[in-house]
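These are my notes from going through one model, entry by entry. I looked up sheets, strand pairs, cores, cavities and a few single residues.

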Amino acid sequence: FPVDLKNWLCCTVLFLFFSGCGTLAVLEQNEAGICLFRSFDWNDGLFDVTWSENNEHVLVTSSGDGSLQIWDTANPTGPLQVYKEHTQEVYSVDWSQTRGEQVVVSGSWDQTAKLWDPTVGRSLCTFKGHEGIIYSTIWSPHIPGCFASASGDQTLRIWDVKTPGVKVVIPGHQAEILSCDWCKYDENLLVTGAVDCSLKGWDLRNVRQPVFNLVGHTYAVRRVKFSPFHATLLASCSYDFTVRFWDFSKPNPLLETVEHHTEFTCGLDLSLHNHGQVADCAWDELVKIYTPSCLAAPV
């Protein structure tokens, strides 16, 4: 179950950043409920976490000191490795999901993304081009070696690790873009969420106009996630304290609004294993695991 809590882990430790340290918490779900399985401390804030795709015990975090840490839940003593090359906070980290690849991409406030092989003690490549903070980096689940990045420079960019330079630049919003995600059912479709309170869908075959524009949030959209089970369904969380569920194929795309936090809602993920199950978290230091009514029945 910990894979479902990826973004909750990120935001819990982000909250602790302001006290100068970070904590990685791994939770386990059993018949008695949710319990703490393991926790790890780091000397700076931890902003994001990603699970290994070939070892269920291994995960990578990114932190405010510009480093990445590799942890093993079977080894409670500390990180296995620490890689420090970014010159500012590392805000995003993602492990590739395509077969045959065991690589990680990180995105930083230093405006660069870096490619890592966790078995090698240094980065393999650095990607430059953004003119603002990189808030989000995510691998394509379809195309090996391809990832997307979202930035404070108001652009979404597509990169290919086999070729130098950016592959596609999309001026997606007239505001900072805080999050992006790739559709699990369409290799050409991505979604972005931004400070302008909107979510926009982008078809890489024609990026001049978004294929959908979802409005309803009243403050910045902090995280966007496509459903692993439905091609047109996605979720978003916002600094307006809400999580919203959408189906962009419908005339009225907003399916449901969940408001069960008292502070900024900033972490969100949909379970890959339990259909309809959602985990979210907020600055109120609470994680909520639930099935919204719109996902309880077939969409």
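**Entry 1: strand 8 and its neighbours**

I began with strand 8 and strand 9 (residues 112-116), which run antiparallel and are joined by 4 bridges. The model is a predicted one. Across this pair, I found Val105 opposite Leu115 in strand 9. The hairpin of strand 8 and strand 9 has 3 residues between the strands, and Gln111 takes a positive phi there, near 75 degrees.

I then checked the partner strand 7 (residues 90-95), which is joined to strand 8 by 5 bridges and also runs antiparallel to it. Here Val90 stands opposite Ser108 in strand 8.

Is strand 8 (residues 104-108) enclosed or open to the outside? I found 5 of its 5 residues buried, so strand 8 is largely enclosed by the rest of the structure. Val104, Ser106 and Ser108 point one way, Val105 and Gly107 point the other way, and all are buried.

**Entry 2: repeat annotation**

I looked up the UniProt record, an unreviewed entry, which places "repeat: WD" at residues 49-72, 83-126, 127-163, 170-206 and 214-256. I checked two of these spans against the model. Residues 83-126 are 0% helix and 50% strand, with end C-alpha atoms 14 Å apart. Residues 127-163 are 0% helix and 51% strand, and their end C-alpha atoms lie 10 Å apart.

**Entry 3: sheet 3-4-5-6**

Next I traced an open sheet of 4 strands, in the order 3-4-5-6, with antiparallel pairing. Which strands stand at its edges? They are strand 3 (46-51) and strand 6 (81-84); each has a single partner strand, so one side of each is left without a neighbour in the sheet. I noted an average twist of 20 degrees from one strand to the next.

Strand 3 is joined to strand 4 (residues 58-63) by 5 bridges, and the two run antiparallel. Within this pair I found Val49 opposite Thr61 in strand 4.

Just ahead of this sheet I stopped at Gly45, which sits in the loop between strand 2 (33-42) and strand 3. Gly45 is buried, at a relative accessible area of 0%. I also looked at Cys21: Gly45 and Cys21 are 24 residues apart in sequence, yet their C-alpha atoms are 5.0 Å apart in space.

**Entry 4: sheet 15-16-17-18**

I traced another open sheet, with 4 strands in the order 15-16-17-18 and antiparallel pairing. Strand 15 and strand 18 (212-214) stand at the edges with a single partner strand each, so one side of each is left without a neighbour in the sheet. The twist averages 20 degrees from one strand to the next.

Inside this sheet I looked at strand 16 and strand 17 (residues 199-203), which pair in the antiparallel sense over 5 bridges. The bridge partner of Leu190 in strand 17 is Trp202.

**Entry 5: nonpolar cores**

The largest nonpolar core has 14 residues. Which of them touch the most other members? I listed Ala148, Leu156, Ile158, Ile170, Cys180, Trp182 and Leu190. The elements that give two or more residues to this core are strand 12 (146-151), strand 13 (156-160), strand 14 (166-170), strand 15 (177-182) and strand 16 (189-194). Leu190 thus appears in two of my entries, as a core member and as the bridge partner of Trp202.

Apart from this core lies another, of 12 residues, including Val243, Val258, Leu270 and Val278.

**Entry 6: two loop residues with positive phi**

I looked up the loop between strand 12 and strand 13, where Gln154 is found. Gln154 has a positive phi of about 75 degrees although it is not a glycine. Is Gln154 buried or partly exposed? At 33% relative accessibility, Gln154 counts as partly exposed.

Cys197 lies in the loop between strand 16 and strand 17. Cys197 is not a glycine either, and has a positive phi of about 80 degrees. At 17% relative accessibility, Cys197 counts as buried, the cut-off being under 20%.

**Entry 7: cavities**

How many cavities of 30 Å³ or more are there? I counted 2. The largest cavity holds about 50 Å³ of space. Its lining consists of Ser227, Pro228, Phe229, His230, Leu270, Ser271, His275, Gly276, Gln277 and Leu295. I noted that Leu270 lines this cavity and also belongs to the core of 12 residues.

Key. Residues are numbered from 1 along each chain as its sequence is written. This is a predicted model: local features need pLDDT of at least 70, side-chain atom pairs count only at pLDDT 80 or more; totals for chains, interfaces and linings use all residues. Side-chain values use heavy atoms; hydrogens and water are left out. A nonpolar core is a set of buried Ala, Val, Leu, Ile, Met, Phe, Trp, Tyr and Cys residues joined through side-chain atoms within 4.5 Å. Buried means under 20% relative accessible area, exposed over 50%, partly exposed in between (1.4 Å probe, protein chains only). Two strands pair if DSSP finds at least two bridges between them. Axes are lines fitted to C-alpha atoms, for helices over the stretch in contact, and angles run from 0 to 180 degrees between N-to-C directions. UniProt positions are given in the numbering used here, feature names are shortened, and annotations may be inferred rather than shown by experiment. On a 1 Å grid over the protein atoms alone, a cavity is a set of points where a 1.4 Å probe fits but cannot get out, and a pocket is an open set with protein on both sides within 12 Å along at least five of seven lines; lining residues have an atom within 4 Å of a point. Grid points are joined across faces, edges and corners, and a volume is the space filled by probe spheres set on the points.
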